[in-house]
Amino acid sequence: MNYREMLTRRDFFRFSAGAVGALALPGLAATRDGRPPNLLVIVADDLRWDALGFAGSRVVRTPYLDRLAETSLVYRNAFVTTSVCPVSRASIMSGQYASRHGIWDFETPFKAAQLDGTYHAKLRGAGYHTGFIGKWGLGGPLPVRLFDRFDGFSNYTPYIDTKRTPPHLTTYQGEAALGFLSSTPRDRPFCLTVCFFAPHAQNELNDEFPPEPGQEHLYDGPPIPPPPTFSTSYLDGLPKSWIEPNGRSLFDNRIPTSKKFQNFLRGYFRLITGMDAAIGRILSALAGDGRLDNTLVLFLSDNGFFLGDHGMIGKWLIYEESIRVPLVLRLPATAGPAPRGLRQAFALNLDVAPTLLHAAGVAIPESMQGIALQDIEASAPHAARDHFFYEYKAGPFQCLGIRTERWKYGFFPETGFELLFDLLEDPYEQVNRAGRPAHSALVAGFKKTILARYRFS
């Protein structure tokens, strides 16, 4: 059994067939009891879409997220439009592609006007009590003024800090979320964003994934099979400026032996389970004080992660393991019968901000390029989406592309290298069809669209 089969051979979704049908989505600006909904946004870091129990994993234990999924909409085709932490987080907060918000690296901050256009600012302006906990992810000063309560860091902080109580970062972030919830005024709705650092690696440290106490031996056992594309041969043809710093060197340095690969996987999985437990405590607190039924819960990751797939460790490129993410949306029960079940429609990180504003009854700015998931659920004419664009830039290197239901096209302007994958026939993206005469017209059409959108000569 190979790695992907182990994760997806059983049905992706555990719910009954009756839960999958579309239901009419009630407006949420005023819930059934007249109160605006609370909003809880939970963002994981570098969490690939298939490393969760409800996504089909037979290895990773996520009982609390599984339980959340049972009462939620689960988007099977959720993606990020740029797969790197600061860029995707800027898209989540602004509802914009990177080509519009302009954040391409770890140093560039939002401008003041951009901060005022985030869902955080819009909701606070509408009377929400706002909180932020965890990884902000963008450059510049931390935006403490944007929130009623801010307990975060820029891009990195160690998992273990004995000066922190509790010392493990994941547990600390969960406790900080509980502290916010216990102190919120009951006469105002809240919007809390919790950005866990897990399961992001502590890069350049010997112990990349420090587990929480008691989880040191979780997932010990038989070897976990590698993915079917576990070979650096898949890097052939990619621009050398990319391969040399980000391809074979990372693969060889971080998982050079079978033992190190197994330790890498198990450490990554342990942090996911630790995060799941923290999320369980947050949801339990809301259920315990009667607020969960009036709370919209949205869970996603800022990007996916290669676990040796295509000869890589990390993200960045347009392959599925990098750009596909989990996305779960639980609507308030007080709004009436809430829809739940598996959804096949495209959902993007751009959609988070408009979804939250729609739920709160706040006008969605025209500058936002995402679509409220409520409108997608209701099949609104403007919400139809049969493709999306992918864009990544790091210095002179760029990876641009288009993802449709069946096809994925990638273009590397630096060298002109192209990728074309038939996702129906080749779900592991092992065969590049870009150079085949039978697909020349398809490639030409995709390339023309990319060149027009990004104004290349």
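The exercises below concern the sheet and two helices of a predicted model.

**Exercise 1.** Which strands stand at the edges of the sheet, and why is one side of each left without a neighbour?

Solution.
1. Write down the strand order: the open sheet has eight strands, arranged S4-S3-S5-S1-S6-S9-S2-S10, with mixed pairing.
2. Take the edges: these are S4 (149–153) and S10 (341–348).
3. Each of these two has a single partner strand, so one side of each lacks a neighbour in the sheet.
4. Add the twist, which averages 15 degrees from one strand to the next.

**Exercise 2.** In which sense do S1 and S6 pair, and over how many bridges?

Solution.
1. Locate the strands: S1 covers residues 38–44 and S6 covers residues 295–301.
2. The two pair in the parallel sense, over seven bridges.
3. One bridge to check in the structure joins Ala44 to Ser301 in S6.
4. Helix H10 (residues 258–288) packs on the sheet and touches S1, S6 and strand S5 (190–195). The direction of H10 makes about 175 degrees with that of S1.

**Exercise 3.** How are H7 and H10 oriented to each other, and which residues meet?

Solution.
1. Two quantities describe a packed helix pair: the angle between the axes and the distance between them.
2. For H7 (residues 169–183) and H10, the angle is about 10 degrees and the axes lie 9 Å apart.
3. Angles under 35 degrees count as roughly parallel, and H7 and H10 are therefore roughly parallel to each other.
4. From H7, the contact includes Thr170, Gly174, Leu178 and Leu181; from H10, it includes Gly274, Ala278, Ile282 and Ala285.
5. Sorted by class, the contact has eight nonpolar, four polar and two charged residues.

Key:
Residues numbered from 1 in each chain as written. Predicted model: local features only at pLDDT ≥ 70, side-chain atom pairs only at ≥ 80, totals over all residues. Heavy atoms only, no water. Pairing = 2+ DSSP bridges. Helix = DSSP H or I, 4+ residues; strand = E, 2+ residues; numbered from the N terminus. Axes fitted to C-alpha atoms, helices over the stretch in contact; angles between N-to-C directions. Contact = heavy atoms within 4.5 Å. Parallel < 35°, antiparallel > 145°, perpendicular 65-115°, else oblique. Nonpolar A, V, L, I, M, F, W, Y, C, P; charged D, E, K, R; others polar.
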